[in-house]
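Me: I would like to go through this structure with you and ask, term by term, what stands behind each label. Could you set each value against its cut-off for me?

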Amino acid sequence: MYLTDYTYDELLDCASKAYGDNFGEFAAPVSSFIGDDLRVLELWHGPTCAFKDMALQIMPRLLSLALKKTGEDKTAYILVATSGDTGKAALEGYKDVDGVKIMVFYPEDGVSDMQKMQMATQEGKNVCVTAIKGNFDDAQTGVKKIFADPDAKAKLFDKGEFLSSANSINWGRLAPQIVYYISAYADLVTEGDISLGEKVDITVPTGNFGNIFAAYLAKCMGLPVNRFICASNSNNILTDFLNTGVYDRNRKFYTTISPSMDILISSNLERLLCYMAGAEKTKDYMEKLSKDGVYQVESEVLEKIKAEFSAYCCDEENCMETIKSTFDKYSYLCDPHTAVAVKAAHMYLDENGKGLKNIVASTASPYKFASDVLVSLGESVPEDLKQVLTKLASISKTEIPAPLEALFSKSVRFTKSVDKSHESLLGEVLAF
Ligand SMILES: *Cc1c(COP(=O)(O)O)cnc(C)c1O
């Protein structure tokens, strides 16, 4: 129904390559149970061990094919600013793809040791990674400035290149995410856990609102879903909005152990508003947001949203406690993002009673955040990163994911760190 510029065979070929040997046996298994009600949909069996692989393994193949189909002879130059997960997933997705090159900027002190190692050892002929002396906002602002600089555009044009982005409002990232909600439902039917047509609830740990919006689109396409449960960490702007109709970004920003959800402006929420309130009103809300940092939807819009979505948030203490109790009670090890969702799903069950099966999206491997997971389990954390992973493996009796294990034998390729000025970032972009 989507991406109809491609033939069925082209889409099938892209999908087979995207979700083949670079994933585990199953791309998106929904096999783990937490108690009677929760079913865990694991979205982290790809090459970077986080759910962004689900979209970023197929999107580069679609882009490369589109360049060929439209006869484009310039190279698409992908620029990414990352707080950790997106950069690595984009690098893995775009490495050695025809007609494309990619540069990733990350804040020198703003990513975890594991994330830094993942990016510094990145392979591929068409990739470059640069650290910025600054925070994520500096990286993001720097990249936006390059996109808006006509002089940069002209210089790249002369080199036979044009800029493109890989951020999460790109439809090429959203469309592939619809698929695994449908496959998860089909798997539960196949296993006899639900009957065909029976409604389920879906809980998603949410940052930019892309993953949960893809689940909503699956419902629009006919998937029998009762409610969507939006789970947030201490940055609970979405919890407040979905419960009160007021979106107010004038608030404290928290740095948490679920960093991929540390976000105050959820870009894809605009898409939901467009469905619920129409384009004109949405434009109005977005203008208010950029001018005053706050908007409020009308009560009838809020009612429509509340008919589909519930929202809960979970602070750091509850997140850590959930990692421990889920492991102790159900022998299931979650990463901090997934734990926020498990907690939200339990809060929803407590308020609304049992009944429907609840598919909880698990968005990262616990090994990607191994130190925080060890602390949550009440364990000490070894100095050496490899030891941290080994210790988690022996305590949890699970295996270190192969792509993370392999990092320790790779050589470091990217060590450059630059200051955050426009000139310096642009210099890096033009030099590569
Ligand atoms: C990006 C990310 C999220 C948030 O997903 P959105 O689509 O931005 O809402 C949650 N968990 C992990 C591990 C992520 O990398």
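Me: Why is serine 195 called partly exposed?

Reply: Happy to start there. Serine 195 has a relative accessibility of 44%. Buried means under 20% relative accessible area, exposed over 50%, and partly exposed in between, with a 1.4 Å probe and protein chains only. The value of 44% falls in between, so serine 195 counts as partly exposed. Its place is the loop between α8 (171–190) and β7 (200–205), where helices (H or I, at least four residues) and strands (E, at least two) are DSSP runs numbered from the N terminus. The C-alpha atoms of serine 195 and aspartate 151 are separated by 59 Å, with their positions 44 residues apart along the chain.

Me: What kind of model do these values come from?

Reply: This is a predicted model, in which local features need pLDDT of at least 70 and side-chain atom pairs count only at pLDDT 80 or more, while totals for chains, interfaces and linings use all residues. Residues are numbered from 1 along each chain as its sequence is written, and side-chain values use heavy atoms, with hydrogens and water left out.

Me: How do you know that threonine 203 is buried?

Reply: Threonine 203, in strand β7, has a relative accessible area of 0%. That is under 20%, so threonine 203 is buried. Its side chain is joined to that of asparagine 358 by a polar contact of 2.8 Å. A polar contact is a pair of N or O atoms within 3.5 Å; within protein, one must be able to donate a hydrogen and the other to accept it, and residues adjacent in sequence count only if both atoms are side-chain atoms.

Me: What makes the pair glutamate 10 and lysine 69 a salt bridge?

Reply: The N to O distance between their side chains is 2.8 Å. A salt bridge is a side-chain nitrogen of Lys or Arg within 4 Å of a carboxyl oxygen of Asp or Glu, so the pair qualifies. Glutamate 10 lies in helix α1 (residues 8–18) and lysine 69 in helix α3 (residues 59–69), so the salt bridge ties together parts that are 59 residues apart in sequence. Lysine 69 is partly exposed at 40%. Searching the whole structure gives 22 salt bridges.

Me: Why does the pair lysine 281 and glutamate 298 count as a salt bridge?

Reply: Their side chains meet at 4.0 Å, N to O, and the definition asks for within 4 Å, so the pair is listed as a salt bridge. Lysine 281 lies in helix α12 (residues 279–292) and glutamate 298 in the loop between β10 (294–296) and α13 (299–306), so the pair ties together parts that are 17 residues apart in sequence. Lysine 281 has 31% relative accessibility and counts as partly exposed; glutamate 298, with 29%, is partly exposed.

Me: Which residues are linked in a network of salt bridges?

Reply: Lys88, Glu92 and Lys95 are linked in this way. Between lysine 95 and glutamate 92, the closest N and O atoms are 3.1 Å apart. Glutamate 92 counts as buried at 15%, whereas lysine 95 is partly exposed at 28%.

Me: What makes cysteine 49 and aspartate 96 worth a look in terms of phi?

Reply: Most residues other than glycine have a negative phi. Cysteine 49 has a positive phi of about 65° although it is not a glycine, and aspartate 96 has a positive phi of about 60°. Cysteine 49 lies in the loop between β2 (38–42) and α2 (53–56) and is buried at 1%. Aspartate 96 sits in the loop between α4 (85–94) and β4 (100–107) and counts as partly exposed at 42%.

Me: Which residues are closest to the ligand?

Reply: The closest are Lys52, Gly207, Asn208, Asn211 and Thr363, out of 15 residues that surround the ligand; a residue is near a molecule or strand if one of its heavy atoms lies within 4 Å of it. A polar side-chain atom of lysine 52 lies 2.5 Å from an oxygen atom of the ligand. For glycine 207, a backbone N or O atom lies 2.8 Å from a ligand oxygen.
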